[in-house]
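Trainee: I would like to go through the ligand site in this model. Please start with the terms.

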Amino acid sequence: MEAIKIKNITKEIKLDINKIRKDFPILHQDVNGKSLVYFDNAATTQKPLVVINGLDDYYKGINANIHRGIHTLAERATASFEATRDSLKTFINAKHREEVIFTRGTTESINLVAATFGRQNIKAGDEILISSMEHHSNIVPWHMLAAEKGAVVKIIPINEQGEIILEEYEKLLSSKTKLVAVVHVSNALGTINPVKTIIELAHKHGAKVLIDGAQSSSHLDIDVQAIGADFFALSGHKMYGPTGIGILYGKKELLEAMPPYQGGGEMIGEVTYTGFTVNELPYKFEAGTPNIADAVALKYAIEYIQSIGKAAIRKHENDLLSYATKSISQLEGIRLIGTAKEKVSILSFVMEGVHHQDLGILLDQNGIAIRTGHHCTQPLMNRLGISGTSRASFALYNTTEEIDIFIEGMKKASKMLR
Ligand code: PMP
């Protein structure tokens, strides 16, 4: 990959977006006869060439099963796979590399915690707190666990801006609270939650905290030790990496005390016809052949982000969000959904009198990809009294020119649909 120059003029960090865009081949195509404008980054980000080539190189020169082989390819594959674990350890500032467990992504990471820590520690009458803005993957596993155990899921309320009401959260905490599971950044609203405070308050009551980092990992610096998270989940595909790979971070002492998740190869120490012993961390939670190729390629995505720097990415994305928020607010009949003080580059809105799906289809006809619907946050949509929103979400390769095209598309759609 070519080095990306970051001009550091005192406070201003400017990215060379044209150069960055060249790293993403998918962006340079026409969709429905128009240059693609990709604003569906909260669903998944596009992949830079280093990641695509990383996958290609892996299958052309490295591919073998890991950990058990003694031949050269097996050693190469193992080293590459484990190198990504080291990168991820640094990326989230975990204390130990064995605290980084490979999973399919955030959804599997949360299910893992529910099925192991949850089953082991949560009993009838215990309470699990989640916020009003959780993604279904941080709701349903807790409903499943609560139904199995006779536990109770309680909901932390939010205000009209889409921010957690901390005083109400504090009122919900008690000795019955065993787990708090909260999203770091809301995929539907863009809100950045004060996770450090949320965790500190939970810990005062002896509750453990899981942070859903699916949306924060590409935008914010992640420091699991600084925020004090007990568990942290992320997905590679939301941070310029491949689909089907992600991690669960867990504090070592918690992971050590938890039973294994799935049974199979790799997670065992010894197996007999009458039983088995469990392997050490992190392998205890990595049964079967993992998604080696995508794990290997994820390292290139991390290096790509690090080569640009989260501060520069954040600055650029914040500029895009401000520009888009200002531009869209000048259109008639637009209601922004999610106006928290602390936000990432997610712009959710309702166009009054227009169904979000119709708007999405019309924009797509103009080559503009946004997401419409409930964004896997049905309870949040119900809480807000809407059936869904239209959502434009920006990444480091997006530009203000694209926002102008999007606004023009919105004007056109508004004329046609209203
Ligand atoms: N949580 C949030 C906040 C998300 O945005 C998503 C993905 N939309 C998930 C969890 C689930 O992530 P994945 O589908 O990668 O497991």
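Mentor: For sorting by class, Ala, Val, Leu, Ile, Met, Phe, Trp, Tyr, Cys and Pro count as nonpolar, Asp, Glu, Lys and Arg as charged, and the others, Gly among them, as polar. The model is predicted, so local features need pLDDT of at least 70 and side-chain atom pairs pLDDT 80 or more, while totals for chains, interfaces and linings use all residues. Residues are numbered from 1 along each chain as its sequence is written, and side-chain values use heavy atoms, without hydrogens and water.

Trainee: How many nonpolar, polar and charged residues does the shell around the ligand have?

Mentor: A residue belongs to the shell if one of its heavy atoms lies within 4 Å of the ligand. Among those surrounding the ligand are Val183, Ala214, Asp212 and Lys238. By class, the shell has two nonpolar, eight polar and two charged residues.

Trainee: Which residue has a polar side-chain atom 3.3 Å from a nitrogen atom of the ligand?

Mentor: A polar contact is a pair of N or O atoms within 3.5 Å. Side-chain N or O atoms of Ser235 and His237 each lie 2.7 Å from an oxygen atom of the ligand. The 3.3 Å distance to a ligand nitrogen belongs to His135.

Trainee: How much of the ligand's accessible area does the protein cover?

Mentor: Accessible areas come from the Shrake-Rupley method with a 1.4 Å probe. On its own, the ligand has 400 Å² of accessible area. The share covered by the protein is 85%.

How values were computed. Polar contact = N/O pair within 3.5 Å; in protein donor to acceptor, adjacent residues only side chain to side chain.
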